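User: I'd like a close look at a single helix in this model, and how it sits among its neighbours. Could you walk me through it, then add a bit about what else is worth seeing?

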Amino acid sequence: MTQAILQLSEIEKAFPGVKALDCASLNVYSGRVMALLGENGAGKSTLMKVLTGIHAPDAGTIRYQGEHVAFKGPRDSQHAGISIIHQELNLIPELTIAENIFLGREITGAFGKIQWTKMYQEADKLLKRLNVKHSSKTLLGDLSLGEQQMVEIAKALSFESKVIIMDEPTDALTDTETESLFKVINELRDQGCGIVYISHRLKEIFEICDDITVLRDGKFIGECLVSDTDEDGLIEMMVGRKLEEQYPRIEVKHGEICLEVLGLTGSGVHDVSFTLNKGEILGVSGLMGAGRTELMKVIFGALPSERGVINLDNKTINPVSPQDGLANGIAYISEDRKGDGLVLGLSVKENMSLCALDKLSKGGRIQHGDEVTAVDDFIKLFNIKTPTREQIIGNLSGGNQQKVAIAKGLMTKPKVLILDEPTRGVDVGAKKEIYQLINKFKAEGMSIILVSSEMPEVLGMSDRIMVMHEGRVSGMFAAQDADQEKLLACAVGKQINEEAA
């Protein structure tokens, strides 16, 4: 193996109440892809922030191209040739794609005048390289979440860096977009770039990576070749134990119908009908853009409906806002926890209780003792790793943020819980915990809708599966009758219906 272009050795970093890194190490090699793995809270993102100068290490050394370095911030590390694609998007919806890509380093000519034509041309070249069909003059806010992620990737590529860090780069991408990204990664590898690839999707690790480094609880656990390990071995390294049965679905006797949707039509949704029983998990599958999220938002009241009927406990409801949805007993956990689900500048406690303040109030005054008790109960139940309930939620790992987002919905004591991509960006250990919690609420008779782009998750956790295509239902299956081939056939528009009578 070649000499490492980048070496982080015995890095330590502590924050009030928690030691985030404890002798963490990482080697990155030219012309190779290094997977950086670990559960949420293992220290992966903190290590990358130390590398790029966002955090100063308490101890340890960083060597880059054979020299000791100590970057003062992201601009410093970018100038040296190290770029990072963050899991959370850092883009401005009101600007064009090109303006986002070159923000703060616009292409200028004489007297500092921006050369718009050249800048758009360079941006279009980057988009073409990633197989993005939009013009770089398109407003970013008009793109889907996955397309915005591709713009974030294009932005990183524009730096022509020697080391590129990709933090959950495929989290919001379609299979086609992921394939385009992998082609670019192979090109970068061939050009001699060193790539750090952070992902919870273990299948991708074996497809695109050469080497693996595992962190656990801020500590370096080991480095190995991808060819020398397998998925079970990686999981054991990451969680420190064998992880039995990835999808622990339980059988529960279903109650009466809780939710009935008849001919619902609205934003991106056309004539959708289905039922949901108490104590049942209805999985919703389909390709990106199929209308899954739009359907959930129409039911919740976050998007308008044009016609159709929604019955909840035999009572017709017409939610016209999220407040209506919550008041009627529907909780929606968004796929975009940063944009829709959480207020990153508020504490764990404030985020968790935000939608349930009416239930925690008497005479218009919040009962803070009841609020603290409820929040502490959920922190314990969900095993949320936080120093205190007052910790700013933006300082937590993605998996712990997701647990808070789910707890936030559950604090409203809903009749129907809608989980839109509940395990996106969540490690295998935290996934198992979330699945067990879903089973707990299912056993208690809650009605649950599970929207997921991961077919194994839908197949593994659902009692019935509804597939969508272009805003319509294209298939409905009992769990025992479904498989990936049938779901994919429906997802591309082939009509199949094998739901048990």
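**Helix 5 and its surroundings**

Analyst: Helix 5 is mostly covered, with eleven of its 13 residues buried. Keep in mind that this is a predicted model. The helix runs over residues 145-157 and reaches 19 Å from its first C-alpha to its last, close to the 18 Å expected at 1.5 Å a residue.

Which residues of helix 5 are buried? They are Gly-146, then Gln-148 through Leu-157, a stretch that includes Met-150, Val-151 and Ile-153 and also takes in Glu-152 and Lys-155. And what do the buried residues pack against? Their partners include three helices: helix 3 (97-101), helix 4 (116-129) and helix 6 (175-190). Strand 6 (82-85) and strand 7 (163-167) are in the packing too.

Now for the rest. Leu-287 sits in the loop between strand 13 (281-285) and helix 9 (292-300). This leucine is partly exposed, because its relative accessible area is 37%, between the 20% limit for buried and the 50% limit for exposed. Together with Leu-488 and Val-492, Leu-287 makes a nonpolar surface patch of about 250 Å².

Back towards the start of the chain, four strands form an open antiparallel sheet in the order 2-1-4-5. Its edges are strand 2 (18-29) and strand 5 (67-68), each pairing on one side only. Strand 1 (residues 4-15) is joined to strand 2 by eight bridges, and Phe-15 stands opposite Val-18 in strand 2.

Definitions and conventions:
Residues are numbered from 1 along each chain as its sequence is written. This is a predicted model: local features need pLDDT of at least 70, side-chain atom pairs count only at pLDDT 80 or more; totals for chains, interfaces and linings use all residues. Side-chain values use heavy atoms; hydrogens and water are left out. Two strands pair if DSSP finds at least two bridges between them. Helices (H or I, at least four residues) and strands (E, at least two) are DSSP runs, numbered from the N terminus. Patches are made of residues with over 30% relative accessible area and no salt bridge: like charges are joined within 9 Å, nonpolar side chains (Val, Leu, Ile, Met, Phe, Trp, Tyr) within 5 Å. Accessible areas come from the Shrake-Rupley method with a 1.4 Å probe; for residues, only the protein chains shown count as cover. A salt bridge is a side-chain nitrogen of Lys or Arg within 4 Å of a carboxyl oxygen of Asp or Glu. Buried means under 20% relative accessible area, exposed over 50%, partly exposed in between (1.4 Å probe, protein chains only). The expected span of a helix is 1.5 Å times one less than its number of residues. Contact means heavy atoms within 4.5 Å.
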